[in-house]
Structure formats: C-alpha cells, structure tokens
Amino acid sequence: DAKKIKPQTVAPFRPVAVTNADALTLPSGYRYQVLAPWGEKFTDSGREIGFNHDYVGFFPLDMLQGGQSSTDALLTINHEYVNALFVGGDTKERTPAQVKAEMEAVGVSVVRVRREGSEWKVVPDARNRRIDALTDIELTGPVRGTAPVKGATMVKGSVGNCSGGQTPWGTLLTCEENVDGYVKAWAGSGYEAMHQGWVTEIDPFEPTWTPKKRTGMGRFRHENVAITVAPDGRVVGYMGDDMQDACVYKFVSRGRYNPADRAANLKLLEDGDLYVANFGNGSWVLLDYDRNPKLKDAKGADGKALFGSQADVLADARASALAVGGTPVDRPEDIEIHPRTGEVYVALTNNSKHGNYFGQIIKFREAKDDAAATAFLWEVFAVGGPQSGFASPDNLVFDPYGNLWMVTDNSDLASNPIKGFHGNNAMFFFATEGPDAGKAQRFAVGPVDAEMTGPVWSPDGKTLFLSIQHPGEDSESLDKLRSNFAAKPGTNVPRPTLVAIEGFPGWKA
Ligand code: FEO
Ligand code: CA
Ligand code: CA
Ligand code: CA
C-alpha cells in the first residue's frame with residue numbers, strides 16, 4: 001500500500017545532460033535491456049509484437065490470487081500507429097497486403113515476461129496474444145446499437161492505442177486517440193470512424209473474454225484513463241482529450257467495486273456518469289441528456305438541436321463538453337493520481353495556437369478528497385521552458401513515495417522553439433514535496449526522433465518498463481536512416497521496443 005511508504009524526495013540518480021545522441025542515455029549505475037521489440041514472434045500461432053509501443057500495463061502473474069509478483073507478469077503493450085516506411089513498405093497506393101500488415105501491427109500485445117537471473121525474458125504462454133485492427137470487440141453502454149454507430153453492437157478492432165490505465169480488478173483500459181487517419185489510410189477496407197475513439201477494456205488473464213468498448217466514457221481523442229475508487233466504492237476514471245482547446249473528463253461508475261466479485265467488476269464500466277471539468281469555477285459538469293437541460297437546449301450554427309439523445313451526447317463528447325461550459329485547455333495528455341495525497345496531476349503538453357510551446361503540469365484536489373465529488377481546487381505544479389529544462393510533458397507515472405516521473409513529446413510543433421535547450425525527448429523526475437518540489441531532474445534521454453512512452457514500475461520498484469516509440473521516424477528512406485536504435489543484429493533498421501531499466505534501489509517502507 002503506497003500510503004504506508006514514507007516520502008523519499010531525493011532523486012536516486014545523478015541527472016544526465018541534454019544530448020542529441022542516437023542512444024538511450026541513462027545515469028551512471030543504470031542499465032537497460034531491449035525487451036519485446038517490434039516484429040518479435042511471441043504467440044503459439046507465430047504472431048509478432050506490434051509497432052510503435054506506447055502505454056505499458058504491468059499485471060503480476062499472481063495478481064488474481066492476491067499476489068504482486070515483480071518478476072513474472074503479463075505486460076500489455078499499446079501499439080499506437082505504424083510508420084509505413086518500416087511496416088509494409090512506403091508507396092502512395094497501398095496494396096491489400098500492405099493494409100493487412102498495418103492492421104496487424106497496431107492494437108495491443110499481451111505478453112508474458114519473467115525475470116530470470118539478471119535478464120528479463122519473453123515467455124511462451126497461452127495468454128500471449130494480439131488485439132489488432134481486425135479483432136472482434138463489443139460495444140457496451142448507452143451508444144451500443146444506436147444511430148451514431150450505425151446500429152452496431154460488435155465492431156472491428158481497436159486503433160490509435162495511446163496511453164491507458166489498469167483497473168483494480170486486473171484489466172487493461174486502452175485508449176483510442178488519433179483514430180481519424182486510419183479511415184483515410186485504410187480507405188476501401190470498410191473502416192468505420194465512429195467505431196473507434198473509445199476506451200476499450202481488455203482482460204489480459206482471459207483471452208476468451210471479448211474486449212469491450214465502454215461508450216459511457218465518451219468518444220473523443222482518448223489519451224488515457226487514471227482509475228481510482230471513491231470512498232463509497234464507486235469507480236472513478238480521469239481522462240484527457242488530447243487536442244488543442246479540448247477538455248478533461250471524469251467517469252463515475254453507477255455500481256460499486258467489490259474486491260471479492262471480479263465478474264461484477266468486469267461490468268462496472270458499462271454504466272455511469274460522465275462529467276467535464278470547468279476550471280473557471282472548479283466544478284464537474286454532468287454530461288447527461290436527461291439531467292442537464294443545457295444539452296437539450298444546445299443548438300448548432302444552423303439553429304438545429306445539436307443532440308437528440310444520450311447516445312448523441314456521448315458520441316460527440318467534445319461538442320457536449322463545450323456546450324455545458326467545459327473548459328478548453330492546452331492538450332491534456334496523461335493524467336495520474338498521487339499515491340499519497342490523491343491529488344490528480346494533468347500534463348498539458350502544449351498549444352501552438354496560444355503560443356504555449358512548452359506546456360505545464362497542473363494538479364487538482366477533489367472536495368473532501370472524494371474522487372466522486374463535483375467540486376475541486378486546482379493549481380500549477382510545474383511549467384515547461386528554458387528555466388525548468390523540459391518541454392511538452394506527456395506521459396506521467398508516480399512512484400509510491402509520491403515522486404512524479406514524466407516523459408516529453410516534442411515532435412509535432414511546426415516551428416519548434418525548444419531547440420537549444422532540450423535535445424532529444426527526455427524523462428524527468430520531480431519530487432512533489434520537500435525543498436526540490438516541482439524541480440525537473442533529467443533521468444534519461446531517448447534516441448533520435450524517438451518519444452519515450454508508457455512508463456510503468458514493477459511493484460518492487462526495481463524495474464522501470466519504458467517504451468521507445470518511433471526511433472528514426474523522420475528518416476526519408478531506408479537508405480537515409482536517422483536512427484539504428486534496437487536494430488536486429490546485422491541490420492540497421494531502427495525498431496520501436498520496450499526496454500527494462502534497472503539500477504533503482506527499489507521501494508523501502
Ligand atoms: Fe498519443 Fe496524446 O499522445
Ligand atoms: Ca501521449
Ligand atoms: Ca501514465
Ligand atoms: Ca504527445
């Protein structure tokens with residue numbers, strides 16, 4: 001229980017310098033191992049690890065028996081998107097074979113890993129599997145079978161899998177973020193945009209359990225879900241819509257979490273209330289067609305009603321949020337909950353529209369520390385820029401001491417003013433209390449063009465799993481590669497991969 005662990009606010013490493021090296025640069029005393037790179041076969045049927053690793057979930061193998069193994073686990077790895085140069089080959093007209101290769105390289109990998117001696121290994125297991133753009137997935141909740149999804153109850157695939165979250169009952173929530181590009185890229189394969197853009201729940205322990213899209217959590221550019229349980233047992237999920245001038249949301253389940261009833265827990269996210277944050281008055285505003293009259297009154301530019309049902313409200317949650325006074329913010333990326341204080345931290349990555357090139361991390365505290373409350377207070381935690389040394393905060397993860405670890409994503413700003421102080425994307429450590437609270441300390445720097453994503457700890461704090469996403473992404477051709485990171489021996493093509501970083505002291509009570 002993280003609440004019992006005393007604060008330890010001194011970084012357990014000597015910070016590294018800014019660099020543009022094509023390497024994963026770590027502090028002295030730390031090392032990494034390439035684990036589960038793109039293309040590695042890992043299932044009984046010969047399926048391969050997908051491309052562009054993002055969020056990683058760590059599920060101790062003995063979790064459902066009450067254990068928390070730090071050396072034997074099912075990992076879930078999101079595969080956010082493909083780079084056609086590396087997957088299937090880059091031509092303007094995509095052949096059916098190329099489209100198939102791309103559809104099979106996205107989604108999620110469930111992969112068993114075990115620490116043997118001082119090495120992590122991918123282990124054969126009947127639960128190893130791929131969820132990709134062709135997997136059957138069930139729609140659940142208020143939008144199931146309705147007009148916005150063309151009456152569908154079952155759909156194909158989960159794509160744009162960016163960050164995510166884990167539930168206390170041992171499932172993955174994978175978040176479908178930038179989904180619109182797929183419809184264009186895979187034109188002709190019948191890809192339906194409205195079937196993507198949701199939160200999908202996957203049971204890594206039970207391959208026969210059909211993955212479920214939780215439509216009650218709304219459709220937008222889902223970055224992640226940070227899950228907690230309110231004092232009354234309702235399950236609460238905080239979510240960001242990663243788009244310029246988009247909002248922060250909260251889902252509160254109708255039912256209550258019962259640690260002894262996993263079958264019931266697997267239905268908790270089917271039914272609940274969706275709220276949007278109003279940062280002007282610190283309130284959560286309900287997105288319910290029957291209970292918030294503003295939604296019935298909302299009219300488009302043509303004077304017609306914007307919404308006619310709760311399915312309409314959820315299917316265009318962004319428009320609903322703005323119609324009820326949700327506050328547009330500067331691209332909410334990852335959200336995490338402080339393990340000791342319960343405060344909720346949000347990475348606002350940047351917003352070039354407003355000249356916010358460096359982003360900031362904010363935090364808020366719910367009224368009476370009740371995650372299901374409808375009021376909160378917020379403040380700024382850290383601000384990006386030359387002074388602090390970081391820019392474009394993206395994924396966040398806490399350690400049980402309450403220190404925040406953050407990775408940056410400086411990749412998509414048109415004229416990027418970070419050059420000169422930032423170098424390659426990096427990972428930073430912040431104490432959240434003590435004399436250095438809010439001060440960014442650089443722990444790691446990634447290879448050329450790469451973003452580091454999906455950080456997750458083993459429960460004992462001795463291993464940090466981190467994804468190295470899109471190394472060499474800006475290469476013009478296979479003859480002019482900008483990175484060779486994690487290339488197969490004897491080749492020079494960079495591979496997105498998971499790495500296992502060690503050298504940490506581990507948690508001490
Ligand atoms: Fe896929 Fe918003 O990061
Ligand atoms: Ca992200
Ligand atoms: Ca996170
Ligand atoms: Ca980003």
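Which residue stands opposite Asn-278 in E18? Asn-278 stands opposite Ser-283. The legends below take this pair and other close-ups in turn, all from a predicted model.

**Figure 1. The hairpin of E17 and E18 turns through four residues between its strands.** Strand E17 covers residues 272-278, and strand E18 covers residues 283-286. The two run antiparallel and are joined by four bridges. Look for Asn-278 in E17 and Ser-283 in E18, which face each other. Val-276 has its own opposite residue in E18, namely Val-285. In this hairpin, Gly-282 takes a positive phi near 60 degrees. Strands of a sheet pair through backbone hydrogen bonds, either parallel or antiparallel.

**Figure 2. Five strands make an open sheet.** Read the order as E13-E14-E16-E17-E18. The pairing is antiparallel. Which strands stand at the edges? They are E13, residues 226-229, and E18. Each has a single partner strand, so one side of each is left without a neighbour in the sheet. Neighbouring strands of this sheet are turned against each other by 30 degrees on average, direction ignored.

**Figure 3. Strand E30 pairs with both E1 and E29.** Strand E30 spans residues 497-502. Is E30 mostly covered or mostly open? It is mostly covered, with five of its six residues buried. Strand E1, residues 31-35, pairs with E30 in the antiparallel sense over five bridges. Within that pairing, Tyr-32 has Ile-501 as its bridge partner. Strand E29, residues 463-469, also runs antiparallel to E30. Six bridges join E29 and E30. Here Leu-466 stands opposite Val-499. In a regular strand the side chains alternate between the two faces of the sheet.

**Figure 4. Leu-75 sits in the largest nonpolar core.** This core has 130 residues. Those with the most contacts inside it are Leu-75, Val-276, Met-406, Met-427, Phe-428 and Phe-465. Val-276 also appears in the hairpin view, opposite Val-285. Which residues does Leu-75 touch, leaving aside its neighbours within four places in sequence? The contacts are Val-56, Gly-57, Phe-58, Val-111, Val-113 and Phe-465. Phe-465 thus appears twice: once among the core residues with the most contacts, and once as a contact of Leu-75.

**Figure 5. Helix H1 packs its buried residues against strand E3.** Helix H1 runs from residue 96 to residue 105. Which of its residues are buried? They are Glu-102, Met-103, Glu-104 and Ala-105. These buried residues pack against E3, which covers 72-79. After H1 comes Gly-107. Its phi is positive, near 100 degrees.

**Figure 6. Gly-89 lies in the loop between E3 and H1.** Gly-89 is partly exposed, with 13 other C-beta atoms within 10 Å. Now find Leu-478, 389 residues away along the chain. How many Å separate the C-alpha atoms of Gly-89 and Leu-478? The separation is 9.9 Å.

**Figure 7. Arg-331 and Asp-369 have positive phi although neither is a glycine.** Arg-331 has a phi of about 60 degrees. Its loop lies between strand E19, 329-330, and strand E20, 332-337. Asp-369 has a phi of about 50 degrees. Its loop lies between strand E22, 360-366, and strand E23, 376-383. Is Arg-331 buried or exposed? Arg-331 is buried, because it has 26 other C-beta atoms within 10 Å, and the cut-off for buried is 20 or more. Asp-369 counts as exposed, because it has 12 C-beta neighbours inside 10 Å, and the cut-off for exposed is 12 or fewer.

**Figure 8. The whole chain puts the close-ups in place.** The chain has six helices and 30 strands. Its radius of gyration is 22 Å, close to the 23 Å that the globule rule gives for 509 residues, so the chain is as compact as a globular protein of that length. Along its principal axes, the C-alpha trace spans about 60 × 60 × 50 Å. Of the 509 residues, 50% count as buried. Consider the contacts with a separation of 6 or more. Residues 24 or more positions apart account for 60% of them.

Methods:
Residues numbered from 1 in each chain as written. Chains lettered and ligands numbered in written order. Predicted model: local features only at pLDDT ≥ 70, side-chain atom pairs only at ≥ 80, totals over all residues. Core = buried A, V, L, I, M, F, W, Y, C linked by C-beta atoms within 7 Å. Contact = placed C-beta atoms within 7 Å. Pairing = 2+ DSSP bridges. Axes fitted to C-alpha atoms, helices over the stretch in contact; angles between N-to-C directions. Rg over C-alpha atoms; globule rule 2.2 N^0.38 Å.
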